[in-house]
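User: I've got a model open and I'd like to go through the labels people put on it. Can you take me through the reasoning behind each one?

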Amino acid sequence: MKKILVTGACGLVGSDLVLALKAKYGENTIVCMDCHPADQHFEGVMEVGDVCDVAYLRTLQKKYDFGQIYHLAGLLSVGGEKNPDRAWRVNLLGLKNILDIARDYQCRVFWPSSIAVYGETTPKALVPQHASFEPTTMYGVTKVAGELLCQYYFHKYGVDVRSIRYPGLNGYKAAPGDGTTEYAIHIFYGLIKENRYECFLKPDTRLPMMYMDDAIRGTIQLMEAPAENITIRTSYNFTAISFTPAELVAEIRKISPDFEIIYNPDDRQKIAESWAQTIDDSKAREDWGWQEEYDLPKMTMALYKGVKERLE
Ligand code: AKB
């Protein structure tokens, strides 16, 4: 089997994805890349570099002869607002570089889009696959442009690029990134460290979410689906559960009844309100059999145990 490259391998999604890919295809098949490798105890191949450097990416391609690339490197919504120029460069130039490599060396590509493509003119409930996308964050702008770029490379050059609009993904194997939905992970650090959390969103802010194991399973499922089943070459709507901070707190109080929550909404509230609350992902279910396994209680317990173990 040809080697598989994972960019952004040390991020929240990458840390779980790499483990799942190694378990499925063997340790030696997976080549990790990150600009800031996090873990000194990392086992396997780690290349340190920047996705904006196409010459470097070509050197890697020649060295390893990748058949697939999971291109996860990128800035999230909050990080993107802090540094819009960098978000534009990393999220779009990085993607174009990967698509150019994929075109020249016939690689299959996975690239994550996000619920950040949704904006004020998108329906808030059960967003259909095709709707109006006018995001208000730089992150969302790069995701809409990136989706169109993926579709362009598919039609123009036949690049087999596949994508999912990730909802808020909640895992524990790496530290949460600089995003908006990430409150749903930070809250578990607050729970375990001091049995309290100051939430930057209002209690009734409903957002689409998913437990990381479901997201990883869905991602690999999409990449393994026969090409003729893939009818969407921008990015698939993809969801599992939608909940508010208050609903998550109610679930957490089943573990710790005196858990204290303080609501102190900041700029991130506006970002969250610009996104949708629930999503129609029937295309993903029809085309490649997507089905989630985690509901809110199951996710809460898994995150509690995972974060606790990580902090011990
Ligand atoms: C963020 O909140 O920026 C990310 C996302 C929804 O893509 N978690």
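Analyst: Sure, starting with contacts: two residues are in contact if their C-beta atoms, placed from the backbone, lie within 7 Å. Keep in mind that this is a predicted model. Of the contacts in the chain with a separation of 6 or more, 78% are between residues 24 or more positions apart.

User: What makes the chain as compact as a globular protein of its length?

Analyst: First the make-up: there are eleven helices and twelve strands in the chain. The radius of gyration is 19 Å, and the globule rule gives 20 Å for 312 residues; those values are close, so the chain is as compact as a globular protein of that length. Along the principal axes, the C-alpha atoms fill a box of roughly 55 × 45 × 40 Å.

User: Why are strand 3 and strand 10 called edge strands?

Analyst: Look at the order of the open sheet: seven strands, 3-2-1-4-5-6-10, with parallel pairing. Strand 3 and strand 10 (236–237) each pair on one side only, and that is what the label refers to.

User: How do you know that strand 1 and strand 2 pair?

Analyst: The cut-off is at least two bridges found by DSSP. Strand 1 (residues 3–7) and strand 2 are joined by four, and they run parallel. One opposite pair to look at is isoleucine 4 and isoleucine 30. Between the two strands the chain passes through helix 1 (residues 12–25), a right-handed β-α-β crossover.

User: And what about the pairing of strand 1 with strand 4?

Analyst: With the cut-off at two bridges, strand 1 and strand 4 (residues 66–71) have five, again in the parallel sense. Valine 6 has tyrosine 70 as its bridge partner there. Strand 2 also pairs with strand 3 (residues 45–48), in the parallel sense over four bridges, and methionine 33 stands opposite glutamate 47.

User: What makes strand 2 count as mostly covered?

Analyst: Buried takes 20 or more other C-beta atoms within 10 Å of a residue's own. In strand 2 (residues 30–34), five of its five residues are buried. That covers both faces, with Ile30, Cys32 and Asp34 on one side and Val31 and Met33 on the other. For the whole chain, the buried share is 47% of the 312 residues.

User: Which kinds of residue make up the shell around the ligand?

Analyst: It divides into five nonpolar, six polar and one charged. Gly counts as polar and Glu as charged. Among the residues around the ligand are Gly168, Gly179, Tyr139, Tyr166 and Glu182.

Technical notes: Residues are numbered from 1 along each chain as its sequence is written. This is a predicted model: local features need pLDDT of at least 70, side-chain atom pairs count only at pLDDT 80 or more; totals for chains, interfaces and linings use all residues. A residue is near a molecule or strand if its C-beta atom, placed from the backbone, lies within 6 Å of it. A residue is buried if 20 or more other C-beta atoms lie within 10 Å of its own, exposed if 12 or fewer, and partly exposed in between; C-beta atoms are placed from the backbone. A crossover is right-handed if, with the strands pointing away from the viewer, the path from the first strand over the helix to the second runs clockwise. The radius of gyration is taken over C-alpha atoms; the globule rule is 2.2 Å times the number of residues to the power 0.38.
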